[in-house]
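User: Please take a close look at one part of this structure. I would like one connected account, from the backbone outward to the side chains around it.

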Amino acid sequence: LELWSYEVETDTWTPIRQANRLAIEPWKYAYDASVDRLVAYDAGGRSGGARTWLFDLRTGTWSGTSAVTPEFSYGWWGTQPAIAYDEAAERTVIAGQGCRVVAYDATADRWETPYIPALKPAPECRDGREMVYDPVNERLVAYGGTVYTTCTWETPDDMWALDMATRSWALVVPPTPVPPPLRDLAAGG
């Protein structure tokens, strides 16, 4: 596992020193400002059950947590849930696999599963999407991903916002309408 930092002003990458490298490679990372640590989600795999790790960028040290970490399978239906830090809620949020949203409160070292009413199709049910924090509107914004509908995989180009205060999803950008298939009017009379 290698970590790198990027300096915008000089357009350079620099490796981040790790005093104690992890034997595993966590799947997802987000910087949590509430504890000034990088939160890493480890799905388990060879190391057993899911784990939460914290990385101190100043000292270069990893530490495990005692939090009971929720399982997100990285198999067929669980590929690539999205992760981002919600500054307003002070939670690191993972949305995905199994139509779930979970939030890590690093100050209390605990995961919670906030009740969020599911929409059809639910934005959290998508695989391979990305999520970022929108500081202007104080919410998480999710884009992309794929969803299985009507015996086929579709990739909607819509954008959804997750407000942890109201625990609800809102459509920000609707999907581009798909035109109906063209008909050959000359064929078949």
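Analyst: Start with the side chains of strand β8. Arg91, Val93 and Ala95 point one way, while Thr92, Ile94 and Gly96 point the other way. All of these residues are buried. The strand spans residues 91-96, and 6 of its 6 residues are buried, so β8 counts as mostly covered. Note that this is a predicted model.

Which strands flank β8? The sheet order is β7-β8-β9-β10, which puts β7 on one side of β8 and β9 on the other. The sheet holds 4 strands, is open, and has antiparallel pairing. Its edge strands are β7 (82-86) and β10 (110-112), and each of these pairs on one side only. From one strand to the next, the twist averages 25°. Strands of a sheet pair through backbone hydrogen bonds, either parallel or antiparallel.

Take the pairings in turn. β7 meets β8 in the antiparallel sense, over 5 bridges. Here Ala84 stands opposite Val93 of β8. The two strands form a hairpin, with 4 residues between them. Glu90 sits in that turn and has a positive phi of about 55°.

On the other side, 5 bridges join β8 to β9, again antiparallel. Ile94 has Val102 of β9 as its bridge partner. Val93 and Ile94 point opposite ways from β8. Each has a named place in the pairing: Val93 lies across from Ala84, and Ile94 is bridged to Val102.

The next step leads to the edge. β9 covers residues 100-105 and pairs with β10 over 3 bridges, in the antiparallel sense. Asp105 has Arg110 of β10 as its bridge partner.

Now the side chains around β10. What links Tyr41, Tyr104 and Trp111? Ring pairs join them into a cluster. The whole structure holds 4 aromatic pairs. One of them is Tyr41 with Trp111: the ring centres are 6.4 Å apart and the planes stand at 80°, so the pair is edge-to-face. Tyr41 belongs to strand β4 (residues 37-42) and Trp111 to β10, so this pair ties together parts that are 70 residues apart in sequence. Tyr104 and Trp111 form another aromatic pair, and this one is tilted, at 5.0 Å centre to centre and 40° between the planes. Trp111 appears in each of these pairs.

Are these rings buried or exposed? Tyr104 has a relative accessible area of 0%, so it is buried. Tyr41 counts as buried at 1%. Trp111 is buried too, with a relative accessible area of 13%. The cut-off for buried is under 20%, so the value for Trp111 falls inside it.

Trp111 also has a polar partner. The side chain of Thr52 makes a polar contact with the side chain of Trp111, at 2.7 Å. Thr52 lies in strand β5 (residues 51-56). Its relative accessibility is 0%, so Thr52 counts as buried. Beyond its sequence neighbours within four places, Thr52 touches residues including Val39, Ala40, Ser63, Gly64 and Thr65. Tyr104 and Trp111, members of the ring cluster, are also among the residues that Thr52 touches.

Thr52 has a second polar contact to follow. It joins the side chains of Thr69 and Thr52, at 2.7 Å. Thr69 sits in the loop between β6 (61-64) and β7. At 9% relative accessibility, Thr69 counts as buried. Leaving out neighbours up to four places away, Thr69 is in contact with Tyr41, Ala50, Arg51, Thr52 and Trp111. The loop that holds Thr69 runs to β7, the edge strand that pairs with β8.

One more feature belongs to this surround. Arg51, a contact of Thr69, places its charged end over the ring of Trp53, 4.5 Å from the ring centre.

To draw it together: β8 is buried along its length and pairs with β7 and β9. β9 leads on to β10, where Trp111 joins the ring cluster and takes the polar contact from Thr52.

How values were computed:
Residues are numbered from 1 along each chain as its sequence is written. Side-chain values use heavy atoms; hydrogens and water are left out. Two strands pair if DSSP finds at least two bridges between them. Axes are lines fitted to C-alpha atoms, for helices over the stretch in contact, and angles run from 0 to 180 degrees between N-to-C directions. Buried means under 20% relative accessible area, exposed over 50%, partly exposed in between (1.4 Å probe, protein chains only). Rings of Phe, Tyr and Trp (its six-membered ring) pair if their centres lie within 6.5 Å; planes under 30 degrees apart count as stacked, over 60 as edge-to-face and the rest as tilted. A charge sits over a ring if NZ of Lys or CZ of Arg is within 6 Å of the ring centre and within 35 degrees of the ring normal. A polar contact is a pair of N or O atoms within 3.5 Å; within protein, one must be able to donate a hydrogen and the other to accept it, and residues adjacent in sequence count only if both atoms are side-chain atoms. Contact means heavy atoms within 4.5 Å.
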